[in-house]
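Open the model in your viewer and keep the selection panel at hand. The tour goes from one sheet out to the whole chain.

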Amino acid sequence: MTAPAPTARPTAAPAPAAPPHDPPDASPRALLWWALRARRRDLALAALFFSTHQLGEALVPVVVGAAVGDAVQDGTPGELAGWLGLLAADFLLLSLSYRFGARAAQRAAQHAEHLARGRLTSAVLRPTGGVRLLPGDLLSRAAGDASRVGACARTLASTVAAVVVLLAATLLLVRISPLLGALVVVGTAALLAAQNRLSGTLRRTSAAEQARQADAAALAEDLVRGLRVLKGIGAERTVAADYARVSRDAVLAARRAASAEAALLSLGTVFTGLYLTAVAAAGGSLALDGRLGLGEFIAALGLARFVIGPMRVVAAARAGYARAIASAGRVHEVLTTPPAVTDLGGVTGVGSGDEALAGGGGGAGRVALARTGAGGGVGRLGSAGTGTGGGAGRVASVGTKAGGDARSGADDGDGAGFGVGDGGEDGFGVLRDGGGRGAGIGVGAGRAVGAGAGAGAGGPVGDGWGVEFRGVRLADGFVLDARVPGGSLTGLVCDAPAVAEAVAALLARESDPAGGTVLLGGTDLTALPLDTLRATALVCPHEPALLPGTLGDNLGALSDDPAATAEAARAALADQVVDAAPHGADTSVGDRGETLSGGQRQRVALARALAARAPVLVLHDPTTAVDAATEHTVADRVRRARAGRTTLVVTNSPAWLARCTHVVHLHGAPGAERRDTGTHASLLAESPAYRRTVTR
């Protein structure tokens, strides 16, 4: 549900230009590198400090070898002390370098993870919808997969440092012996080539592992949330067996991924072992031949032993990158999910809506809309307030197109108005009556301002918000033709639950009809900006989610008016829920309202929707979990609270239908469906199909 703002009759907006292509959505690899590049400063610092740390470690055997060589060649104690001081400084350098490098790498990893998670969250929460994955699956992607994307930052910094130190060690070994330097180059190249062939397998098994874990998490969440129902129907053993099966699949997928990663790492271990053996053999042979001195031989062996660590880092980097790409692919899958509906842009006009705009004399005026066209501005004013003597001024159409040609209209000789617009500028509509008794003004073109003044009072405005279904194709092939009169309480009875859910989804524009048109205030829903539509029509689904927080937080989530919230709580009997709670309105509702019963959750959600005072309110089976007496009381209070506003109740409940001024019953087989209309009493008397539906 979305909190509606005071609004006027929505107006179709011109489609905006397509947004520029967003590089992070181009591919999983583009998404990964986008997240990493966003923290390139931290990555550069981490790589620099890690490289310094690795180079400091590489110098340890060189310094030790030089110290031993000098000592063997009758070095003085002062020279030995100098070498030891240099060695101590080297250890200090590599220690501090690692400390600051680890900090920078962690910052880069955390921010990259956050960027990936934020990107995924934005895709899930976008107004146009489209992402219909289970919560457990989404949680797995937002947690595990985003974390692997971030971990790639640490891997990248460590790998850069490892490559730097391998190059430095190779140069040092070349100075000692070209043969030993060549062995390092050949060993590293062979290792990378072999691992490249195995990385594809790891990437595939890693993606499968994450997918199976997401399946298990999604099923576990469903079981926990529905545990009370499962126990009630005695299905514990069946669902336990299902969860055991899914868990086994997840374990097998994890084993396959672990086996692929182990193969990749073991290959690195084999290559480094062979490399060290070759270096030791070649260095020993050179020392025996007298081509290497004792100090040089010690330095060469120390360097050869040291570079095993960087080579393993390079070996593990391929595995980490493969996992990160697989996880980036799962995040990318959500980012590229097509939207369920198309949004034509921002709000075209925001005026007084169904609220009177009070002026100096206590009168009221009403602005229906004000807008500009694409090529030449058009200002229009729909209706006005009434003055002291009851006279009304109305402007039918006013405007100036680009290039001139002014038009104006007045009704009863009392009204006058004008519109101005040239291209993209605002259009204005002004309504006045002859004696200044009532006035309204609207300013449009993306933002509209309404005002009214006079000594009279405006009439009711809710009757302008009718809803009409024209040949709308619903679930299972049903076609709906029906009209919901503005300002009334209307009931829609559907024999098929899927049809009832489809109607609520269409009015919330979570989906669009496969055929036909849904009109709100005479305007096609698909031609309305989503924020305009959802600020006008509020849909309360059959299973509304309560937000984390307290009862008070949820009751006032869609309204800043304490009086409106209190009135809505009384109408939905949610005030009884507050009174019965241990800490009143400050009582926590838990995750999705888990501390409340089903009936209490429904009453709180209904009160939250009523407090918004939306011009159009759609309720889908709002009281199925409450007892019959409470349902009758709630229905009656809601009818009074919504008097003068458009309300559609999609339900089979006689308690609600008896209070509706108009009832539509959709029944029959797809393609041969029937639509009966009337009051609840008349349909009970005349339609056997209606009686069967509402009394079963």
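**Stop one: a sheet**

Select the open sheet of four strands, ordered S10-S9-S12-S13 with antiparallel pairing. Strands here are DSSP runs of E, at least two residues long, and helices are runs of H or I, at least four, both numbered from the N terminus. Two strands pair if DSSP finds at least two bridges between them. Strand S10 (479–484) and strand S13 (523–524) are the edges; each has a single partner strand, so one side of each lacks a neighbour in the sheet.

Now add helix H10 (residues 497–507). H10 packs on the sheet and touches S9, S10 and S12; contact means heavy atoms within 4.5 Å. The direction of H10 makes about 120° with that of S9 (axes are lines fitted to C-alpha atoms, for helices over the stretch in contact; angles run from 0 to 180 degrees between N-to-C directions).

This is a predicted model: local features need pLDDT of at least 70, side-chain atom pairs count only at pLDDT 80 or more, and totals for chains, interfaces and linings use all residues. Numbering starts from 1 along each chain as its sequence is written, and side-chain values use heavy atoms, leaving out hydrogens and water.

**Stop two: inside the sheet**

Zoom in on S9 (residues 467–473) and S12 (residues 517–520). Four bridges join these antiparallel strands. Arg470 stands opposite Thr517 in S12.

**Stop three: the whole chain**

Zoom out. The protein chain holds 19 helices and 18 strands. Of its 696 residues, 46% count as buried, meaning under 20% relative accessible area (1.4 Å probe, protein chains only).

Notes. Buried < 20%, exposed > 50% of the residue type's maximum accessible area, 1.4 Å probe, protein only.
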